[in-house]
Amino acid sequence: SNVVCRQLGFQPYGSSSYYSNYFNTVNNPSFVYGRFYCYGTENKLADCTWNSYYLQYCSNNEIAGVHCEGDCTDGHVRLRGSYLKRLGRVEVCVNGTWTTICDENWDDVDASVVCQQLEYSSYGALAAYGSLISDDYPTRIYGVNCTGNEENIFNCPIHLTSKGVEYTECATGDAGVFCQEIILNFQHCNHSDIRLVDGQLPTEGRVEVCVNGYWGTVCDDGWDTLDGNVVCKQLGFQASGSKPKYWSLYGKGDIPIILADLACTGSEEMIADCEKNVYGITHCYSSEVAGL
C-alpha cells in the first residue's frame, strides 16, 4: 500500500491496507494483478513482483484498497498509538512528511516542550520510550536537547537528517510523551522530589512524585518492596524492609496518577532513576494508587 501511495504522490509511509472489498466496489472490472510482493521502496506498483497464477482464485469480495497519509504542515506535532490523545509516540512533520524522533537522550524536559506545543500543560509531562507502534515511519530527528523554555520542538537544539535520509543508528526506539489532560499550575516542587502523604506517621502514606513542577501519584501495578526501598532511601529512611501498600490505602489524592510500572532494582538513589513504562498508565485505575 505504501508503494501505491508513493505512485499517487502521497506520503510513502503509514498507509493502511484494506481487504475484502472494504470500499464496496460494484461492477468491478476484471482483475489485472494477482498476489504482490513489494519491498516498499518501489516507485510504482508495476515494479513489484507479482504472480498472475492467483488471478483465477480472486472473487469480487477480494478487492484490495488503501488509505494514504495526506500532506502535513512542517513543524506540526502529533501523538499516535494510544486511545489517550495525550499519550503516544511523537510524530513531527518535516518536509511535508510525518517522521519520528529517536529516543536516545530523550527526557522529561523534551516531553514538556512537546506537550506545550500540543496545548497541554508542560507541568507533569513525562518522556516515554520504546516502540509503541510497529510501522515504517522514518526516523529523522535525534539528539533532542530542549531547555524547557521553547514553544516548539524545532526551537530546541536537535539533529535533523538530510531530506530523504533516515537516521539508522537509533538503537533504542521512538520518543513518546505523556501529557497532563488539563492546564496545570506550577506547584513549587522540584523535579523528582518525593513525599508520603496522609499517613499517620512520617514514615508512611501515599507516594507522590514531582514531575516537571507538578505532584502526581504512582500506580501500584508492579509496585513492590524494591520500589519502596528506593523511596525510603530518597526520603532519608532505612533503605530496606519497606512494606508496599496497594489499592489506594492512603487515599487517591486529588492529583493524577503520573508514574506506572516502576521496576526499581533497589540500588537507585531516587525513584526517578528507576526503570518505568510510561505507556503502562493506560491500564491503571484511580483506585490503584501506591502507598508505603
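# Disulfides, rings and helix α3 in a predicted model

Cys 210 has a relative accessible area of 1% and is buried. The model is predicted.

Me: Which cysteine is joined to Cys 210 by a disulfide?
Reply: The sulfur-to-sulfur distance for this pair is 2.1 Å, and a disulfide requires sulfur atoms within 2.5 Å. Cys 210 lies in strand β13 and its partner in the loop between β11 and β12, so the link ties together parts that are 21 residues apart in sequence. The partner counts as buried at 5% relative accessibility. It is Cys 189.

Me: What is the handedness of the disulfide of Cys 189 and Cys 210?
Reply: The handedness follows from the torsion about the S-S bond. That torsion is about 75°, so the disulfide is right-handed.

Me: How many disulfides does the count come to?
Reply: A disulfide is a covalent bond between the sulfur atoms of two cysteines. Here a pair of cysteine sulfur atoms is counted if the two lie within 2.5 Å. By this rule the count comes to nine.

Me: How many residues apart are Cys 102 and Cys 170, which link distant parts of the chain?
Reply: A disulfide joins Cys 102 to Cys 170, with 2.1 Å from S to S. Cys 102 is in the loop between β7 (97–101) and α2 (108–117), while Cys 170 is in the loop between β10 and β11. The separation is 68 residues.

Me: Is Cys 170 buried or partly exposed?
Reply: Its partner Cys 102 is buried, with a relative accessible area of 1%. For Cys 170 the relative accessible area is 23%, and buried means under 20%. Cys 170 is therefore partly exposed.

Me: What is the angle about the S-S bond in the link of Cys 146 and Cys 156?
Reply: Cys 146 and Cys 156 form a disulfide with their sulfur atoms 2.1 Å apart. Both Cys 146 and Cys 156 lie in the loop between β9 and β10, so the pair ties together parts that are 10 residues apart in sequence. Cys 146 and Cys 156 are buried. The link is right-handed, with an angle of 105°.

Me: Why is the sulfur of Cys 232 too far for a bond with the closest cysteine sulfur?
Reply: Cys 232 is buried, with a relative accessible area of 10%. The closest cysteine sulfur is in Cys 264. A disulfide needs the sulfur atoms within 2.5 Å, and the distance from Cys 232 to Cys 264 is 11 Å.

Me: Which strands do the buried residues of α3 pack against?
Reply: Helix α3 covers residues 225–234, and its buried residues are Asp 227, Gly 228, Asn 229, Val 230, Val 231 and Cys 232. These buried residues pack against β12 (194–198) and β13 (205–211).

Me: Which residue's backbone nitrogen is reached by a side-chain oxygen of Asp 224 at the start of α3?
Reply: The oxygen comes to within 3.2 Å of that nitrogen. A polar contact is a pair of N or O atoms within 3.5 Å. The backbone nitrogen belongs to Leu 226.

Me: Which residue joins its side chain to that of Ser 242 by a polar contact?
Reply: Ser 242 is in the loop between α3 and β15 (257–259), and at 10% relative accessibility it counts as buried. Not counting residues up to four places away in sequence, Ser 242 touches Thr 225, Gly 228, Asn 229, Cys 232 and Leu 292. The polar contact of 2.8 Å is with Asn 229.

Me: Which two residues form the one aromatic pair that a search of the whole structure finds?
Reply: The pair is stacked, with 3.9 Å centre to centre and 5° between the planes. One residue lies in strand β9 (residues 139–142) and the other in the loop between β10 (159–160) and β11 (176–180), so the pair ties together parts that are 25 residues apart in sequence. The residue in β9 is partly exposed at 24% relative accessible area, and the one in the loop counts as buried at 13%. They are Tyr 142 and Tyr 167.

Me: Over the ring of which residue does the charged end of Arg 195 sit?
Reply: A charge sits over a ring only within 6 Å of the ring centre, with a limit on the angle as well. The charged end of Arg 89 sits over the ring of Tyr 137, 5.3 Å from its centre. For Arg 195 the distance is 3.9 Å, and the ring is that of Trp 215.

How values were computed
Residues numbered from 1 in each chain as written. Predicted model: local features only at pLDDT ≥ 70, side-chain atom pairs only at ≥ 80, totals over all residues. Heavy atoms only, no water. Buried < 20%, exposed > 50% of the residue type's maximum accessible area, 1.4 Å probe, protein only. Helix = DSSP H or I, 4+ residues; strand = E, 2+ residues; numbered from the N terminus. Contact = heavy atoms within 4.5 Å. Polar contact = N/O pair within 3.5 Å; in protein donor to acceptor, adjacent residues only side chain to side chain. Phe/Tyr/Trp six-rings, centres within 6.5 Å; stacked < 30°, edge-to-face > 60°. Lys NZ or Arg CZ within 6 Å of the ring centre and 35° of its normal.
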